[in-house]
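Hi,

Here's the model we talked about passing over. Have a look at it first, and then my notes below should make sense.

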Amino acid sequence: DNTVTVTGTASDGTEEAYTFSVSVSIELNPGDDGFFTTVKTAAPMSVSAPGDIAYTVMVSNTGIAAVSSISITDPLVGTLTLISGDTNGNDILDVTESWTYTGVYTVTQSDIDGNGIDTNGAIDDDGDIDNTVTVTGTASDGTEETDTSSVAVTIELNPGDDGFFTT
């Protein structure tokens with residue numbers, strides 16, 4: 001709100017005052033992508049034996065308002081560590097900030113033998129290791145937003161020229 005009062009003296013010596021007020025609404029319309037976007041990547045993108053998959057999650061404020069109470073969950077990886085992005089250290093995803101998280105999943109022989117796992121780590125025989133991250137945050141107007149990003153790491157069962165076993 002903005003209010004102005006104008007006071008003056010009329011030609012007959014009387015004092016007059018006029019007050020005007022204006023209210024301007026601020027709409028936090030985040031657009032199609034919401035207040036933030038989430039992108040998850042994996043390295044390597046395929047595995048053929050037990051070993052580590054390194055995941056990187058980038059959460060970027062693409063809106064017009066800061067986002068607080070950022071919560072990030074990944075049932076397969078477990079702990080994701082914030083490694084960069086909160087430039088002023090205020091725990092608020094400010095406009096134009098991008099936060100980077102990392103985490104590791106260790107592929108087991110049973111993951112390979114089962115030809116894949118779902119996002120919760122259960123064998124699903126679909127030929128890949130599925131992984132989904134969920135990020136939740138609250139915009140300055142109290143709007144809560146949730147975004148997800150998924151990546152699938154292919155399991156390559158390369159038996160070679162002699163097959164999986166020889167007799």
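It's a predicted model, so keep that in mind as you read. Starting at the N-terminal end, β1 and β2 make a hairpin with 5 residues between them, and G13 in that turn has a positive phi of about 95°. The two strands, β1 (residues 2–9) and β2 (residues 15–22), run antiparallel and are joined by 8 bridges. One of the pairs is T9 with E15 in β2. How many of the 8 residues in β2 are buried? The count is 0, so to speak a strand that is hardly covered.

Elsewhere there's an open sheet of 4 strands, in the order β4-β10-β9-β6, with mixed pairing. β4 (46–47) and β6 (67–73) are at the edges with a single partner strand each, so one side of each has no neighbour in the sheet. For β6, pairing with β9 (residues 128–139) is antiparallel over 5 bridges, and I72 has V135 in β9 as its bridge partner.

Now the core. The largest nonpolar one has 28 residues, and V47, I53, Y55, Y105 and I129 have the most contacts inside it. Two or more residues come from each of β3 (36–43), β5 (51–61), β6, β8 (98–107), β9 and β10 (144–155). That fits a general pattern: in soluble globular proteins, nonpolar side chains tend to be buried together.

If you want one residue to click on, try I53. Setting aside neighbours within four places in sequence, I53 is in contact with A42, A43, P44, V47, G103, V104, Y105, V107, I129 and V153.

Cheers

Conventions:
Residues numbered from 1 in each chain as written. Predicted model: local features only at pLDDT ≥ 70, side-chain atom pairs only at ≥ 80, totals over all residues. Heavy atoms only, no water. Pairing = 2+ DSSP bridges. Core = buried A, V, L, I, M, F, W, Y, C linked by side-chain atoms within 4.5 Å. Buried < 20%, exposed > 50% of the residue type's maximum accessible area, 1.4 Å probe, protein only. Contact = heavy atoms within 4.5 Å.
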